[in-house]
Structure formats: C-alpha cells, structure tokens
Amino acid sequence: MARSTAPGHEFALDVLDLVDSIPPGRVLSYGDVAAMLGSRASRAVGTILRHSGAGHSWWRVLRAGGHPPRGNEARAHAYYVAEATPLVRTSTGCGYRVDYAVARWIPTEAPTTALQANEKEQQ
C-alpha cells in the first residue's frame, strides 16, 4: 500500500513522532507541538491526537494552563501518576492540572534527532 505524501498527512506523522519523543513525566501544550513543527495549527494537533493518538503518548500533550485533554481527564490522571508528572490540585474542572512550569519539556535537540538517539539507546 502506497504511503500518502499529502502535506496534512506529513504534518500528522510529524506530530505523532514529536509526541512519541516527549519523555515520561514531561509535557507540551498543543500550541507547543505545533510551534516546534513550524506551525500555528494547535487545533490540528488536537484533532490528530484525537483520531490517531491511541498508540501514542497523547496524555503528554495538554490544553493551555496545564489542563489534561477534555473527556480523558481520568485516564490521563493515571498516566500522570505512573510517570510522576507534577500535578496541582484545583477547585475547578477535573480537580487537578499538570504543573506546566515544572513539567514542560524543552528539548535540547531537534525532535527527529532525539527520537533517533532514543532508538539507538534501546538497541
């Protein structure tokens, strides 16, 4: 089966590769993911994760202010606890948010380079 090379498909693959490179316990916002890929399409990042993120670390991508993905707050919470992601209790919404200032991932290398290095370490 031929692989699609449409620009939207390439962007989706780039989003999923970047999301997979976020280390456990670290997070990015939808806007951060888009910006790291040279885009302002934060909503497109959310759509990609909603439709194709099941096999990827979707919980590591947050809404503004450190809020977990809507509709998946309980599922995401279990991952955050397992990965020791810093959390803050809140009196609104789902009762918690990620401490974004502490947990935000700032890569020191380009996402594809970091991903390749990670794959080499696992071999």
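The exercises below, each with a worked solution, concern a predicted model.

**Exercise 1. The nonpolar cores**

Determine which members of the largest nonpolar core touch the most other members, and which helices supply the core.

Solution. Begin with the core itself, which has 16 residues, of which Val 15, Val 33, Val 45, Ile 48, Leu 49 and Val 61 touch the most other members. Next, turn to the helices: α1 (7-21), α2 (30-36) and α3 (42-52) each contribute at least two residues to this core, and α1 provides the largest share, with six residues. Then take Val 33 as an example; leaving aside residues up to four places away in sequence, Val 33 touches Val 15, Leu 18, Leu 28, Val 45 and Val 61. Finally, look beyond this core to a second, separate one of ten residues, which includes Val 27, Val 98, Tyr 100 and Ala 103. As background, nonpolar side chains in soluble globular proteins tend to be buried together.

**Exercise 2. The two sides of α3**

Work out how the buried residues of α3 are placed around the helix axis, and which residues lie on the other side.

Solution. The first step is to list the buried residues of α3, namely Val 45, Gly 46, Ile 48 and Leu 49. The second step is to consider their directions: they cover an arc of only 160 degrees around the axis, and therefore they lie on the same side of α3. The third step is to examine the other side of α3, where Arg 43, Arg 50 and His 51 are exposed.

**Exercise 3. The largest pocket**

Describe the volume of the largest pocket and the residues that line it.

Solution. Start from the volume, which is about 440 Å³. Of the 17 lining residues, Tyr 30, Gly 46, Arg 50, Pro 69 and Arg 70 lie nearest the centre of the pocket. Then ask where the lining comes from: α3 gives the largest share, eight residues. Sorted by class, the lining consists of five nonpolar, seven polar and five charged residues.

**Exercise 4. Two loop residues**

Decide whether Arg 60 is buried or exposed, and do likewise for Pro 107.

Solution. Arg 60 is found in the loop between α3 and β2 (61-62). With a relative accessible area of 8%, Arg 60 falls under the 20% limit and is therefore buried. Its contacts, not counting residues up to four places away in sequence, are Ile 22, Pro 23, Pro 24, Arg 26, Val 27, Leu 28 and Glu 83. Pro 107, by contrast, belongs to the loop between α5 (100-103) and α6 (111-122), and its relative accessible area of 21% makes Pro 107 partly exposed. Pro 107 and Ile 22 are 85 residues apart in sequence, while their C-alpha atoms are 8.4 Å apart in space.

Methods:
Residues are numbered from 1 along each chain as its sequence is written. This is a predicted model: local features need pLDDT of at least 70, side-chain atom pairs count only at pLDDT 80 or more; totals for chains, interfaces and linings use all residues. Side-chain values use heavy atoms; hydrogens and water are left out. A nonpolar core is a set of buried Ala, Val, Leu, Ile, Met, Phe, Trp, Tyr and Cys residues joined through side-chain atoms within 4.5 Å. Buried means under 20% relative accessible area, exposed over 50%, partly exposed in between (1.4 Å probe, protein chains only). Helices (H or I, at least four residues) and strands (E, at least two) are DSSP runs, numbered from the N terminus. Contact means heavy atoms within 4.5 Å. The arc is that of the directions from the helix axis to the C-beta atoms. On a 1 Å grid over the protein atoms alone, a cavity is a set of points where a 1.4 Å probe fits but cannot get out, and a pocket is an open set with protein on both sides within 12 Å along at least five of seven lines; lining residues have an atom within 4 Å of a point. Grid points are joined across faces, edges and corners, and a volume is the space filled by probe spheres set on the points. Ala, Val, Leu, Ile, Met, Phe, Trp, Tyr, Cys and Pro count as nonpolar, Asp, Glu, Lys and Arg as charged, and the others, Gly among them, as polar.
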